[in-house]
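Student: I have a new model open and I'd like to learn how to read it feature by feature. Can we walk through it together?

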Amino acid sequence: MSFIKVEATSDFSFHNLPYGIFSTSDNPKRRIGVAIGDQILDLSVILSLFGGPVMSKHQDVFNQPTLNAFMAVGYEGWRETRRTLQVLLSANESTLRDDVSLRSRAFVHQSAATMHLPADIGDYTDFYSSRDHATNVGIMFRGKENALMPNCPISADIRNNVLCRLRLPVGYHGRASSVVVSGTPIRRPSGQMRPDQNLDLEQILQPDNLKPYKIPETTVQVHRDLLLLTIFALYFLSAKPPVFGPSKQLDIELEMAFFVGGGNRLGEPIPIEKAHEHIFGMVLMNDWSARDIQAWEYVPLGPFLGKNFGTTISPWVVPMEALLPFAESNPIQDPEPLPYLQHQDAYTFNINLFVSLKGQGMAEPATICNSNFKYMYWTMKQQLAHHTVNGCNVRPGDLLASGTISGPDPTSFGSMLEMSWRGSKSIDVGGGETRTFLKDGDEVIITGYCQGDGYRVGFGPCMGTILPALQH
């Protein structure tokens, strides 16, 4: 254990030691710190103490304003640094414990620090890797029998009518410039949206809806794309034009993300057997979403203005070594993925996740979601291997997100879209207040931790408050 006192419920135990970037009012320089208890250890003050065979040659990385250079050192350097920190902070090591002058310079109370983004994020990719989330959204928009596209994970109860020839971790490229650190307010976005958000082309083709028209179900199955195109054309010709204004369906997405450490050369994939050597650590994420803007724009190229206005991450990056004791067996993937996506080692993690909402005038936040990272269908190793299998190069500081994390029951749904079932149900937030989507002034707090025997490995909060839209 450490000579630094750590409460049993603290996110930042001796078993954790996450990395972050902080500054203080008396020293505005951004620098690398390690959280333990309510303290931050300033690595720029003790960089000369990293004397191992790898880090003795790279001590300068601890004098940088971001984690990118440290990430680029690579897997063996990260492991060596963690071992050095565990020694320096242990109860029976005197180097820091007994040097009053050094301790006074090296430690900063967390309450005195301002946290910043941990890295310069060059690229940001968001995956869609939750079976339960994909199923819920599919049922909402396409009906139960066609809930999931053929390349998505599928639940057993809707398998019969979905042809699954290929399984892959679906993803899209997000906007790195609007990734912000916890505590940054999020402005309600404005954009185009349909006056009628209830049109559901796929729902029109459900068997029960076709009975009055006596259209054989086999005809629909064979000519689905043509029928959809015809319905869309008729709707487009008769529909009202889109309107512009503030989003009325502003939502959260409970996610986690990992930072890429060592990258790869263009044209050279990262094999899944080596993927763990390129995953530096994890953060919490809220990938804010404007559902009404997204619904109008997302066909055919996917999310754009409905997603790129803001993504919030927690400031502390928890190293993978701290999470490995909480690894569990990977989910059963049936049918078996292609060989480049197969791995047998456990890389699914038991991380308890919570979402709370505090509206204006509410005395205390209300918990609206209790989920777990272990519900993910695809692992981070599979995501990274798939991302690079075509030769795409990733770089230190790139951010890869899980996609919305939803579990099997309503209390574990990771978006208000699911909690309110597309706005048809109210979400109770206490004190007589309800929500379907976010209101101005709402503060959303995501927290998460792994529970050990008398200690936690946590992430700290991932928070953001909604500001009113600007007037156009």
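**Reading the cores, the cavity and three residues**

Tutor: Sure, let's begin with the largest nonpolar core: it has 55 residues, and Met282, Leu323, Ile351 and Phe373 touch the most other members. Strand E13 (residues 254-260) supplies the largest share of this core, 4 residues. A second, separate core holds 41 residues, including Phe3, Val34, Ile121 and Tyr124.

Student: What is a nonpolar core, and what does buried mean?

Tutor: A nonpolar core is a set of buried Ala, Val, Leu, Ile, Met, Phe, Trp, Tyr and Cys residues joined through side-chain atoms within 4.5 Å. Buried means under 20% relative accessible area, exposed over 50%, and partly exposed in between, with a 1.4 Å probe and protein chains only. Helices (H or I, at least four residues) and strands (E, at least two) are DSSP runs, numbered from the N terminus.

Student: And what sort of model is this?

Tutor: It's a predicted model, where local features need pLDDT of at least 70 and side-chain atom pairs count only at pLDDT 80 or more, while totals for chains, interfaces and linings use all residues. Residues are numbered from 1 along each chain as its sequence is written, and side-chain values use heavy atoms, with hydrogens and water left out.

Student: Which residues is Phe373 in contact with, leaving aside its neighbours within four places in sequence?

Tutor: Contact means heavy atoms within 4.5 Å. By that rule, Phe373 meets Met256, Met282, Phe349, Ile351, Leu353, Met380, Ser402 and Ile405, once neighbours within four places in sequence are set aside.

Student: How many cavities of 30 Å³ or more does the structure hold?

Tutor: A cavity, on a 1 Å grid over the protein atoms alone, is a set of points where a 1.4 Å probe fits but cannot get out, and lining residues have an atom within 4 Å of a point. Grid points are joined across faces, edges and corners, and the volume is the space filled by probe spheres set on the points. Here there is 1 cavity of 30 Å³ or more, and the largest cavity has a volume of about 40 Å³. Its lining is Tyr347, Thr348, Phe349, Phe373, Met376, Trp378, Thr379 and Met380. That lining divides into 6 nonpolar, 2 polar and no charged residues.

Student: Now a polar residue: is Ser130 buried or exposed?

Tutor: Ser130 counts as buried because its relative accessible area is 2%. You'll find Ser130 in the loop between strand E6 (124-127) and helix H5 (131-142). For its partners we need polar contacts: pairs of N or O atoms within 3.5 Å where, within protein, one must be able to donate a hydrogen and the other to accept it, and residues adjacent in sequence count only if both atoms are side-chain atoms. A polar atom of the Ser130 side chain lies 3.3 Å from the backbone oxygen of Ser406.

Student: What does the side chain of Ser2 reach?

Tutor: The Ser2 side chain reaches the backbone nitrogen of Ile4 at 2.9 Å and the backbone oxygen of Leu89 at 2.6 Å. Ser2 sits in the segment before strand E1 (19-24), and Ser2 is buried at 16% relative accessible area.

Student: Is Phe244 buried or exposed?

Tutor: Phe244 is exposed, since its relative accessible area is 53%. Phe244 belongs to strand E11 (residues 243-246). Leaving aside neighbours within four places in sequence, Phe244 is in contact with Ser190, Gly191, Gln192 and His472.

Conventions. 1 Å grid on protein atoms, 1.4 Å probe; cavity = no way out; pocket = protein on both sides within 12 Å on 5 of 7 lines; lining within 4 Å. Nonpolar A, V, L, I, M, F, W, Y, C, P; charged D, E, K, R; others polar.
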